[in-house]
Amino acid sequence: MEIKRFYQNKNGMSKERGNVMNRTIYFDNGSTSWPKAPGVAGAMAELLENGAFNINRGNYAGAYEVEGIVLDTREQLSRLFGGKDSRYMIFTPGVTYSLNYFIKGFLKTGDHVLVSGLEHNAVMRPLEQMRRYGVSYDIVPVDEEGNLEADRLDQMVKPDTRAVIVTHASNVCGTVIPIQEIGKICQRRGLFFAVDTAQSAGTITVDMKECGIDFLAFTGHKGLLGPQGIGGFLISERLNKEMEPYIAGGTGSQSDSFLQPESLPDKYESGTMNLPGIVGLHAALDFLEETGINVIHEKKMRLTGYFIEKVKEIPQVRIVGRKDTENRVAVVSLDFLTMDNAVAAFELEQEYGIMTRVGLHCAPAAHQSLHTFPQGTVRFAFGIDNTTEQIDCCAEGIRRIVRNI
């Protein structure tokens with residue numbers, strides 16, 4: 001088949017935004033979804049143009065209207081993740097901030113933590129910082145496909161183990177961690193359970209109650225199809241009693257006191273919120289509720305399966321992790337065996353307009369587990385707007401660059 005050059009003009013993105021998708025193939029949805037859900041940009045623009053009022057501060061009708069949208073969004077997210085109620089849904093700038101809230105607001109000197117061998121640096125770096133304060137951790141190993149055995153985790157629990165933190169789905173190989181089994185272990189052992197849903201939220205159904213989750217961190221800009229800079233966490237009642245707010249300041253409530261409010265969500269939401277981001281996320285959640293997460297997931301997995309079968313035909317590349325569509329999300333990493341991965345990613349973008357992410361993906365622990373450290377991989381992550389035609393073009397592009405055609 002003929003391969004056309006999808007990406008022709010680097011300056012075209014600013015001049016001809018409407019035509020960008022016609023000239024590129026975007027396979028970097030693991031970094032951020034694109035395009036965003038219908039209505040996201042319009043909702044954000046409407047707020048900024050017609051009434052970007054501040055909630056919990058302005059005592060007038062426009063501010064109350066925005067506050068209503070924020071409450072609706074809390075309720076949508078609480079329903080989506082099976083939270084206790086909307087008060088226990090806290091907005092932050094994203095997953096990284098949320099995980100820092102937990103790691104630094106809950107863990108104390110002498111605490112031990114278990115993490116999976118697939119963790120992102122949003123977990124590993126805060127934990128390394130907490131070593132200075134007497135917090136320790138162990139990594140539960142995964143196999144070469146990224147699979148984690150819950151029994152192995154159970155065997156690694158120590159007398160001073162306080163919490164388990166795992167990513168729900170790997171941002172490197174897409175493998176899904178068995179959080180329901182781990183949740184049962186945590187409940188039996190009296191441990192607190194934190195889950196990073198950066199790659200699964202909006203893609204796989206996650207229920208806090210069913211999985212025994214005490215802390216669920218999410219971001220709005222990936223599978224939830226919202227804008228960057230907005231995310232949050234949901235917290236269990238028992239964890240809230242033991243966790244301190246990592247950031248303190250003005251909340252618009254109890255302003256007569258120097259003390260941080262104990263009421264939720266104010267306890268964890270100091271400062272002015274990202275209201276344009278919340279409004280955009282609200283529009284994205286409307287789209288997800290109307291379309292159905294299961295419908296979206298099925299389409300993305302069909303594309304993933306199609307890509308995997310195409311790539312299996314190319315001996316010069318190795319699929320990292322699972323070689324099928326079971327127990328995974330729409331994230332596939334390739335290791336190019338006959339050329340540098342960075343060169344391969346560059347050639348795919350320059351020659352065929354195929355946008356991927358190459359390197360270690362802020363997850364050196366995962367790459368060490370998957371034996372792709374330090375070279376990293378080229379990651380392909382599919383979204384609902386991708387097509388099999390794009391995958392055909394990509395597969396042919398890979399064949400050509402590995403053969404120096």
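This passage describes the two largest pockets of a predicted model and the surroundings of one serine, Ser116. Local features of the predicted model need pLDDT of at least 70 and side-chain atom pairs count only at pLDDT 80 or more, whereas totals for chains, interfaces and linings use all residues. Residues are numbered from 1 along each chain as its sequence is written, and side-chain values use heavy atoms, with hydrogens and water left out.

The largest pocket holds about 290 Å³ of space, and of the 22 residues that line this pocket, Val95, Thr96, His120, Ala198 and Lys222 are the closest to its centre. Here a pocket is an open set of points on a 1 Å grid over the protein atoms alone, where a 1.4 Å probe fits and protein lies on both sides within 12 Å along at least five of seven lines, and lining residues have an atom within 4 Å of a point. A volume is the space filled by probe spheres set on the points, which are joined across faces, edges and corners.

The second largest pocket holds about 250 Å³ and is lined by 13 residues, with Glu46, Leu47, Glu65, Val66 and Ile69 nearest its centre.

Ser116 lies in strand S3, residues 112-116, where strands are DSSP runs of E with at least two residues, numbered from the N terminus. Ser116 counts as buried because its relative accessibility is 0%, buried meaning under 20% relative accessible area with a 1.4 Å probe and protein chains only. Leaving aside neighbours within four places in sequence, Ser116 is in contact (heavy atoms within 4.5 Å) with Ile139, Val140, Leu148, Ile165, Val166, Thr167 and Ile177.

Note on methods: Helices (H or I, at least four residues) and strands (E, at least two) are DSSP runs, numbered from the N terminus. Buried means under 20% relative accessible area, exposed over 50%, partly exposed in between (1.4 Å probe, protein chains only).
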